[in-house]
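Colleague: Could you zoom in on a single part of this model for me and go through it side by side with its surroundings? I'd like the cut-offs along the way, please.

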Amino acid sequence: MINNTITLAKRQLERHAKLGTASKLSVFEVASLMDTINQMHDMKQPSTKSIFFGFSLN
């Protein structure tokens, strides 16, 4: 599902770029698509950061 969302957003942005000024997308819609791509890409990658850690004095 994440891959599909990213693919659709990328296609819409590519189409917007090809159409140029004839595109019907607003600046806000383009920004939203770019945010969607960035957020979904971050969700797709496994997170290595954790707030939990171990500490031992053994």
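Modeller: Let's take helix H1, starting from its outside: Arg 11, Arg 15 and Lys 18 are exposed and sit on the face turned away from the buried side of H1. Here exposed means over 50% relative accessible area, buried means under 20%, and partly exposed is what lies in between (1.4 Å probe, protein chains only). Helices are DSSP runs of H or I with at least four residues, strands are E runs of at least two, and both are numbered from the N terminus. Mind that this is a predicted model, so local features need pLDDT of at least 70 and side-chain atom pairs count only at pLDDT 80 or more, while totals for chains, interfaces and linings use all residues. Residues are numbered from 1 along each chain as its sequence is written, and side-chain values use heavy atoms, with hydrogens and water left out.

For context, the protein chain holds 2 helices and 0 strands. Of its 58 residues, 12% are buried. The chain exposes about 5500 Å², with carbon and sulfur atoms supplying 59% of that area (Shrake-Rupley, 1.4 Å probe; for residues, only the protein chains shown count as cover).

Back to H1. Its 18 residues reach 26 Å from the first C-alpha to the last, close to the 26 Å expected at 1.5 Å a residue (that is, 1.5 Å times one less than the number of residues). On the inside of H1, the buried residues are Ile 6, Ala 9 and Leu 13. Looking down the axis of H1, you'd see its buried residues fall within an arc of 70 degrees, so they line one face of the helix (the arc is taken over directions from the helix axis to the C-beta atoms). The general background is that an α-helix has 3.6 residues a turn, so residues three or four places apart point the same way.

What does that face pack into? The largest nonpolar core has 5 residues: Ala 9, Leu 13, Val 30, Leu 33 and Ile 37. H1 and H2 each supply at least two residues of this core, and H2 gives the largest share, 3 residues. A core in this sense is a set of buried Ala, Val, Leu, Ile, Met, Phe, Trp, Tyr and Cys residues joined through side-chain atoms within 4.5 Å. Leu 13 shows the packing: leaving aside neighbours within four places in sequence, Leu 13 is in contact (heavy atoms within 4.5 Å) with Val 30, Leu 33, Met 34 and Ile 37.

Three polar residues of H1 are also worth a look. Asn 3 is in H1 and counts as partly exposed, at 44% relative accessibility. Its C-alpha is 8.7 Å from that of His 41, though the two are 38 residues apart in sequence. His 41 itself belongs to helix H2 and is partly exposed at 40%. Next comes Thr 5, in H1 as well, with a relative accessible area of 25%, which makes it partly exposed. Thr 5 and His 41 are 10.0 Å apart, C-alpha to C-alpha, with their positions 36 residues apart in sequence. Not counting residues up to four places away, Thr 5 touches Thr 36 and Met 40. Then there is Thr 7, also in H1 and partly exposed at 34%; its C-alpha is 8.5 Å from that of Ile 37, 30 residues away in sequence.

Finally, the way out of H1. The helix is followed by Gly 20, which has a positive phi near 65 degrees. Ser 23 then sits in the loop between H1 (2–19) and H2 (27–44), and at 15% relative accessibility Ser 23 counts as buried. A polar atom of the Ser 23 side chain lies 3.3 Å from the backbone nitrogen of Leu 25.

Methods: Polar contact = N/O pair within 3.5 Å; in protein donor to acceptor, adjacent residues only side chain to side chain.
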